[in-house]
Amino acid sequence: MELTHGGDWAGYRAKFGRDALDFSANVSPLGLPEGVAQAIVNALPTADRYPDPLCERPIFRLVLAKSRTALPAPTFACAALGCEVEYFFLKEENDFEITEELLSALHETIDMVFLCQPNNPTGQIVTSDFLEKLLKKCRACHATPVIDECFLDFLPEHENRTAKRFLAQFPELVILKAFTKLYAMAGVRLGYVLSGDEKLLENMREAGQPWAVSSLAQAAGVAALDETEYADRVRSLIARERPRMIASLRSLGLRVLEGQANFLLFKAPEDFGERLKEKGAVVRGCANYPGLDNTWYRTAVRTPEENEKLLKIMREVLK
């Protein structure tokens with residue numbers, strides 16, 4: 001079975017017999033922080049016990065089961081079981097920017113509105129003014145607003161961009177966060193939710209299975225919160241390399257969206273992804289995103305050395 005999600009290193013190895021230069025997953029290029037790795041090692045003696053079932057130290061669980069969800073497209077999101085998704089298709093000619101047309105499209109039969117900040121895969125980000133308008137419209141429609149900020153922490157100005165400032169005014173707001181991306185903890189599988197609605201949080205806790213977060217993952221999450229210097233280094237690296245990657249990709253004749261995240265959406269020939277794989281590199285094909293086709297690809301932004309290796313292979317493929 002071939003996965004369409006990024007980061008399928010095992011599938012590539014099985015097919016080609018070697019590891020790829022993998023730009024399909026948007027995690028920190030600096031690897032797992034040393035403090036997090038040590039915390040996992042230190043927690044190993046607890047592996048013979050059940051973990052804290054409520055995961056009270058680092059996180060809460062989120063399980064949302066809504067009947068009808070509004071989702072801008074293209075956007076990466078997994079709809080809850082039994083949830084009908086109503087897509088609001090963004091315009092390619094506007095670089096898939098989210099505009100106030102989305103607000104006009106919301107209506108009272110929708111009970112959840114999902115927004116990625118920044119969007120995955122476009123990297124587009126909305127302003128705080130727009131967020132406030134969205135929250136007010138959701139309240140008027142009696143819909144739960146869900147803001148996914150899993151990539152927001154890669155931005156130097158992430159504290160000014162977060163929706164956390166609205167939690168007191170809009171307790172129904174749900175914010176999703178993850179350790180997976182910024183701290184290169186994809187294999188640990190750890191995230192959390194913020195909301196001012198205590199009843200909603202309690203319902204989420206009751207809806208989740210017990211012991212859903214291992215003791216090792218809980219230890220890793222607590223340790224990650226202390227890795228402020230590491231996080232600053234990641235942000236500085238991405239801020240330096242993203243403009244260089246945009247310019248280099250455009251010099252190859254590719255259409256590239258500016259974006260604000262640690263990844264870039266670009267357009268290339270349909271067979272570009274397969275030809276790239278044959279030469280040892282992988283980017284994320286985006287044909288399975290609603291609103292995109294098989295000419296759209298997403299690449300991570302990584303270290304200068306890795307980025308140059310990828311660009312060299314791309315030049316060979318496109319020449």
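**Exercise 1. Work out the strand order of the antiparallel open sheet of four strands, and find which strands stand at its edges.**

*Solution.* Please keep in mind that this is a predicted model.

Step 1. Reading across the open sheet, the order of its four strands is S8-S9-S12-S11, and the pairing is antiparallel.

Step 2. Strand S8 (255-256) and strand S11 (284-285) each have a single partner strand, so they stand at the edges and one side of each is left without a neighbour in the sheet.

Step 3. Now add the helix. Helix H8 (residues 228-251) packs on this sheet and touches S8, S9 and S12. The direction of H8 makes about 10 degrees with that of S9.

**Exercise 2. Follow strand S9 (residues 263-267) and describe its links to S8 and to S12.**

*Solution.*

Step 1. Start on the S8 side. S8 and S9 run antiparallel and are joined by two bridges. Here Val-256 stands opposite Phe-266 in S9.

Step 2. Look at the turn. The hairpin of S8 and S9 has six residues between the strands, and in it Gly-259 takes a positive phi near 65 degrees.

Step 3. Move to the S12 side. S9 and S12 also run antiparallel, with five bridges between them. Across this pairing, Leu-264 stands opposite Thr-299 in S12.

Step 4. Check the surroundings. S9 is largely enclosed by the rest of the structure, because four of its five residues are buried.

Step 5. Finish with a charge over a ring: Arg-298 lies over the face of Phe-263, at 5.7 Å from the ring centre.

**Exercise 3. Describe the open sheet of six strands: what is its order, and which strands are at the edges?**

*Solution.*

Step 1. The strands follow the order S3-S2-S4-S5-S6-S7, and their pairing is mixed.

Step 2. S3 and strand S7 (191-195) are the edge strands, since each pairs on one side only.

Step 3. On average, neighbouring strands of this sheet are turned by 25 degrees against each other, direction ignored.

Step 4. Zoom in on one pairing. Strand S4 (residues 112-116) and strand S5 (residues 144-148) run parallel and are joined by five bridges. The bridge partner of Val-113 in S5 is Pro-145.

A helpful reminder: strands of a sheet pair through backbone hydrogen bonds, either parallel or antiparallel.

**Exercise 4. Decide how the aromatic pair of Tyr-12 and Phe-16 is arranged: stacked or edge-to-face?**

*Solution.*

Step 1. The structure holds 12 aromatic pairs. In the pair of Tyr-12 and Phe-16, the ring centres are 4.4 Å apart and the planes are at 25 degrees, so this pair is stacked; the cut-off for stacking is under 30 degrees.

Step 2. Both residues belong to helix H1 (residues 9-16), where they are four residues apart, about one turn of the helix.

Step 3. Tyr-12 counts as buried at 6% relative accessibility, while Phe-16 counts as partly exposed at 23%.

**Exercise 5. Do the same for Phe-96 and Trp-296, and explain which parts the pair ties together.**

*Solution.*

Step 1. Phe-96 and Trp-296 are 5.5 Å apart, centre to centre, with 75 degrees between the planes, and the pair is edge-to-face.

Step 2. Phe-96 lies in the loop between strand S3 (84-89) and helix H3 (101-105), and Trp-296 lies in strand S12 (residues 296-300), so the pair ties together parts that are 200 residues apart in sequence.

Step 3. Phe-96 is buried, with a relative accessible area of 2%, and Trp-296 is buried too, with 1%.

**Exercise 6. Explain why helix H7 (residues 215-224) is described as largely enclosed, and name the helix its buried residues pack against.**

*Solution.*

Step 1. Seven of the 10 residues of H7 are buried, so H7 is largely enclosed by the rest of the structure.

Step 2. Among these buried residues are Ser-215, Gln-218 and Gly-221.

Step 3. The buried residues of H7 pack against helix H2 (34-43).

**Exercise 7. Find how many disulfides the structure holds, and test the cysteines Cys-138 and Cys-141.**

*Solution.*

Step 1. The structure holds zero disulfides.

Step 2. Cys-138 is in no disulfide, and its nearest cysteine sulfur, that of Cys-141, is 7.0 Å away. A disulfide needs the two sulfur atoms within 2.5 Å.

Step 3. Cys-138 counts as buried at 1% relative accessibility, and Cys-141 is buried with a relative accessible area of 7%.

How values were computed. Residues are numbered from 1 along each chain as its sequence is written. This is a predicted model: local features need pLDDT of at least 70, side-chain atom pairs count only at pLDDT 80 or more; totals for chains, interfaces and linings use all residues. Side-chain values use heavy atoms; hydrogens and water are left out. Buried means under 20% relative accessible area, exposed over 50%, partly exposed in between (1.4 Å probe, protein chains only). Rings of Phe, Tyr and Trp (its six-membered ring) pair if their centres lie within 6.5 Å; planes under 30 degrees apart count as stacked, over 60 as edge-to-face and the rest as tilted. A charge sits over a ring if NZ of Lys or CZ of Arg is within 6 Å of the ring centre and within 35 degrees of the ring normal. Two strands pair if DSSP finds at least two bridges between them. Contact means heavy atoms within 4.5 Å. Axes are lines fitted to C-alpha atoms, for helices over the stretch in contact, and angles run from 0 to 180 degrees between N-to-C directions.
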